Amino acid sequence: MKIWILGGKGMLASVCAKICAQRNLQFIVDDRSLADITDYNRLLQRARWIQPTHVINCAAYTHVDRAEKNPELAFLVNATGASFVAKVAKLVGAHLMHISTDYVFSGDQQTPYCEEDTPCPINVYGASKLEGENLVLDIHPNACILRTSWVFGAGGKSFISSLLSLLQNQEEIHVVQDQWGCLTYCYDLASVILNLIQEKGIYHFVNRGVCSRFDVAKKLFEELQDRIFCKKIIPTSAIKYVNMAKRPRFNVLGTQKISKKLNNSPRHWKKALGEFFIDAITV
Ligand SMILES: NC(=O)c1ccc[n+]([C@@H]2O[C@H](COP(=O)([O-])OP(=O)(O)OC[C@H]3O[C@@H](n4cnc5c(N)ncnc54)[C@H](OP(=O)(O)O)[C@@H]3O)[C@@H](O)[C@H]2O)c1
């Protein structure tokens with residue numbers, strides 16, 4: 001087995017590489033300078049040189065708000081780029097694991113989204129990722145698509161890292177309480193990606209437990225009270241926030257399929273967050 005990880009400087013790719021090393025798996029991790037997924041010819045050349053058995057595509061245009069102003073770039077990377085990765089993986093005979101997002105769904109449902117639910121994105125990022133999924137499965141029908149949400153981890157920019165920065169610098173913060181989702185610890189996600197590396201089809205993975213952004217802020221506040229500047233967190237409504245991109249109201253991914261496959265349910269987000277703090281302190 002030889003795993004080729006794309007999007008190498010990103011949060012998820014870095015952790016995938018770390019876990020490959022821990023498991024003594026043969027791998028190569030490439031960032032955009034070595035494997036730009038929008039440059040088909042160079043990507044194919046690189047793939048022919050590496051000869052991977054498995055490709056993990058973590059490369060993506062992940063700026064949700066900026067995508068609204070720059071849809072061409074979002075679609076170039078998340079749709080065309082994903083299709084190039086699929087073509088290249090197919091040509092060199094490699095299995096493909098492609099990472100996608102809860103933002104392919106509208107968030108209008110009242111119950112968790114399962115893999116068979118019909119996607120209906122409400123922003124450019126979600127639409128570009130959905131097109132990427134469709135192209136990947138057309139080109140490489142044996143590929144595995146893993147959808148996830150609200151990923152956090154050491155070193156990466158995430159909703160948690162933004163909250164931590166606000167808690168450290170502002171006396172009072174307002175956090176949205178009427179949008180719900182699921183947090184995903186990058187380490188848990190990367191472990192699952194490697195456990196599912198031979199799989200095909202669509203899977204959802206997130207940590208257990210539904211939360212609002214306010215719930216997460218409250219938990220961080222409780223954990224870090226004596227080490228932060230913030231004194232008060234105020235719940236607020238999403239209507240008061242003007243983001244470039246619309247955010248889904250209830251983007252909860254169901255994980256029954258993956259739990260059955262791996263014979264193991266994801267751990268609760270509060271437990272994962274606790275481990276993240278320990279890791280962050282010991283790094
Ligand atoms: N983070 C989340 O909350 C979240 C939630 C749901 C799904 N996901 C999905 O999870 C996957 C990994 O995301 P992440 O959190 O690790 O994001 P990230 O930290 O932003 O990493 C994405 C990486 O892709 C690279 N990239 C962008 N354009 C590229 C190109 N043309 N060729 C090669 N690499 C390129 C970026 O490099 P540059 O820095 O050079 O641009 C960046 O290093 C993505 O598919 C994302 O859509 C993430």
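Select Asp-188, Ser-191, Val-192, Asn-195, Phe-205, Ile-258, Leu-262, Asn-264, Ser-265, Pro-266 and Arg-267, and you will have on screen the residues that line the second largest pocket of this predicted model. Two elements, α7 (186–195) and α9 (256–262), each give two or more residues to this lining, and the largest share, 4 residues, comes from α7. The space in the second largest pocket comes to about 210 Å³, and if you colour its lining by class you should find 5 nonpolar, 4 polar and 2 charged residues.

Next, turn to the enclosed space. The count of cavities of 30 Å³ or more comes to 1, and the largest cavity has a volume of about 40 Å³. To display its walls, select Asp-102, Tyr-103, Trp-150, Gln-179, Trp-180, Arg-213, Arg-247, Pro-248 and Asn-251; sorted by class, this lining holds 4 nonpolar, 2 polar and 3 charged residues.

Keep Trp-150 selected, since it belongs to that lining, and centre the view on it. Trp-150 is found in the loop between β5 (144–148) and β6 (151–152). Is Trp-150 buried or exposed? Its relative accessibility is 13%, and because buried means under 20% relative accessible area, Trp-150 counts as buried. Leaving aside residues up to four places away in sequence, Trp-150 touches Tyr-103, Phe-159, Gln-179, Trp-180, Gly-181, Cys-182, Leu-183, Thr-184, Cys-211, Ser-212 and Arg-213. If you want a distance to check in the viewer, draw one from the C-alpha of Trp-150 to the C-alpha of His-54, which should read 25 Å for a pair that is 96 residues apart in sequence.

The backbone of Trp-150 also deserves a look, for its phi is positive, about 40°, although the residue is not a glycine. Most residues other than glycine have a negative phi. A further residue to select for this feature is Gln-51, which is not a glycine either and has a positive phi of about 55°. Gln-51 has its place in the loop between α2 (40–50) and β3 (54–57), and with a relative accessible area of 45% it is partly exposed.

Among the contacts of Trp-150 is Phe-159, which leads to helix α6 (residues 159–169), whose buried residues are Phe-159, Ile-160, Leu-163, Leu-164 and Leu-167. Rotate the view until you look down the axis of α6: the buried residues fall within an arc of 135°, so they line one face of the helix. The general background is that an α-helix has 3.6 residues a turn, so residues three or four places apart point the same way.

Other contacts of Trp-150, including Trp-180, Gly-181, Cys-211 and Ser-212, bring you to the last stop, an open sheet. Which order do its strands take? The 3 strands run in the order β11-β8-β13, with mixed pairing, and β11 (211–212) and β13 (250–251) are the edge strands, each of which pairs on one side only. Strand β8 (residues 180–181) pairs with β13 in the parallel sense over 2 bridges. To see one of these pairings at the level of residues, select Gly-181 together with Asn-251, its bridge partner in β13; Asn-251 is also one of the residues that line the largest cavity, where the tour can return to its earlier view.

Definitions and conventions:
Residues are numbered from 1 along each chain as its sequence is written. This is a predicted model: local features need pLDDT of at least 70, side-chain atom pairs count only at pLDDT 80 or more; totals for chains, interfaces and linings use all residues. Side-chain values use heavy atoms; hydrogens and water are left out. On a 1 Å grid over the protein atoms alone, a cavity is a set of points where a 1.4 Å probe fits but cannot get out, and a pocket is an open set with protein on both sides within 12 Å along at least five of seven lines; lining residues have an atom within 4 Å of a point. Grid points are joined across faces, edges and corners, and a volume is the space filled by probe spheres set on the points. Ala, Val, Leu, Ile, Met, Phe, Trp, Tyr, Cys and Pro count as nonpolar, Asp, Glu, Lys and Arg as charged, and the others, Gly among them, as polar. Buried means under 20% relative accessible area, exposed over 50%, partly exposed in between (1.4 Å probe, protein chains only). Contact means heavy atoms within 4.5 Å. The arc is that of the directions from the helix axis to the C-beta atoms. Two strands pair if DSSP finds at least two bridges between them.
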